[in-house]
Amino acid sequence: MSQLWGYSDLYNLIDQRPNLKLGMMIDTNLLIAATYDSDENYEKTKEFLDLVFENEIPLYCNVNVKAEFLEIHRRIIFTEAIVGFAEVIEIGKLPPTLASKITTLNNRITRIEKKNTEENLNSPKVLRLSEAEIKDFKLEMLRVSNSGGENLWYELCELRVGDKISSLWEETKEGFGLNFIGTRKEDQDNHLKHEPDWNRATALMEKQGLSSADAMIVNMFLASKFDLLITSDNEVAIAILKNGNIPQGCIVPERVKIIIQGM
Amino acid sequence: MTLQNPKIGKKGAPAKIAEKANRLRRQPLSKKIFEIVDENYKNNLNKEPLKRSAKSDQDMDL
């Protein structure tokens, strides 16, 4: 069975495992935690990655990480765009269905803020709309238009999204020095023990209930020669603990480690 | 495992990127968004059917 470590174990692991200097794999959630300052793991992850960079440990990922990163940041940006709109717009000027959705959203935000104040959390909870909720808002906002054919949704997209998601990815890729592994022969020779096949990824989805993107990332890591995957996702860490063999394992934020050990 | 010059991340990159992402996300709404909402509201007001009298036309005939 694989092993689980917290961020604070990195120094010891570097001493104990020379192989670590050759690289570690990184999961999408960790890239999100390090680039989104409202994420509950942001501060610790930022410090941890600075330590990784100081020690010149390269980070590796596959294309699924890129797809997931773009998708999660898209949801964050759209949620904040819609919340920003809800906070300042005169609800009486909106069509009834959109007005009702905005009122419900404002009530949700008030409840979250109240709970954050009551619980005095170090990392306050933030609202992130689901894909279905964003689609609902989109449909209603498309109906709000002017005589020039411009509508509310596209104006909001142009202003808040524009090319921000792709530029955010490019900067992350550069700043974090991300290296990609795929199924090219060169990758197989250097980084993989065997080719990651679909059957194994599908089995992870069926037996662990992982999403397809997470299953592809876990599958690639298990097929790789890397010792460690860095993740802040409980599900990904648990899947590796159940499927991997020593010397492979996961490094997670301390709070995630405590949660997993308590299961 | 032989590596050919893998890229290495830069210290401080997470904070720099998160700060920039935060700034981009928090841009104020444009004037145009309010203009679209206003115009749509006025157009819909004009489209609303005229309110009918509670008294029917037939009553008027009586």
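Val218(A) touches Leu204(A), Leu210(A), Val236(A), Ala239(A) and Ile240(A), leaving aside residues up to four places away in sequence. Contact here needs C-beta atoms, placed from the backbone, within 7 Å.

The model is predicted: local features need pLDDT of at least 70, side-chain atom pairs count only at pLDDT 80 or more, and totals for chains, interfaces and linings use all residues. Residues are numbered from 1 along each chain as its sequence is written, while chains are lettered from A and ligands numbered from 1 in the order in which they are written.

**The core.** Val218(A), Met24(A) and Phe221(A) touch the most other members of the largest nonpolar core, which has 75 residues. This core lies between domain 1 (3-62 + 181-261) and domain 2 (72-163) of chain A, because both give residues to it. The domain bounds come from an automatic or database domain assignment. A nonpolar core is a set of buried Ala, Val, Leu, Ile, Met, Phe, Trp, Tyr and Cys residues joined through C-beta atoms within 7 Å. Buried means 20 or more other C-beta atoms within 10 Å of a residue's own, exposed means 12 or fewer, and partly exposed lies in between; the C-beta atoms are placed from the backbone.

**Helix H3 of chain A.** Helices (H or I, at least four residues) and strands (E, at least two) are DSSP runs, numbered from the N terminus. H3(A) covers residues 42-54. Its end C-alpha atoms are 18 Å apart, which agrees with the 18 Å expected for 13 residues at 1.5 Å a residue. The expected span is 1.5 Å times one less than the number of residues. Among the buried residues of H3(A) are Tyr42(A), Phe48(A), Leu49(A) and Phe53(A). Their cover includes helix H1 (10-16) and helix H2 (28-35) of chain A, together with helix H1 (13-25) of chain B.

**Where the chains meet.** Chain A gives 48 residues to the contact and chain B gives 33 residues. H3(A) gives the most to the side of chain A that touches chain B, with seven residues.

**Two residues compared.** How are Trp169(A) and Glu56(A) placed?

| Residue | Place | C-beta atoms within 10 Å | Class |
|---|---|---|---|
| Trp169(A) | helix H8 (residues 164-175) | 17 | partly exposed |
| Glu56(A) | loop between H3 and strand E3 (59-61) | 11 | exposed |

Trp169(A) touches Lys66(A), Phe69(A) and Leu70(A), again not counting residues up to four places away in sequence. The C-alpha atoms of Trp169(A) and Lys66(A) are 7.6 Å apart, though 103 residues separate them along the chain. Glu56(A) follows H3(A) and has a positive phi, near 55°.

How values were computed
Contact = placed C-beta atoms within 7 Å.
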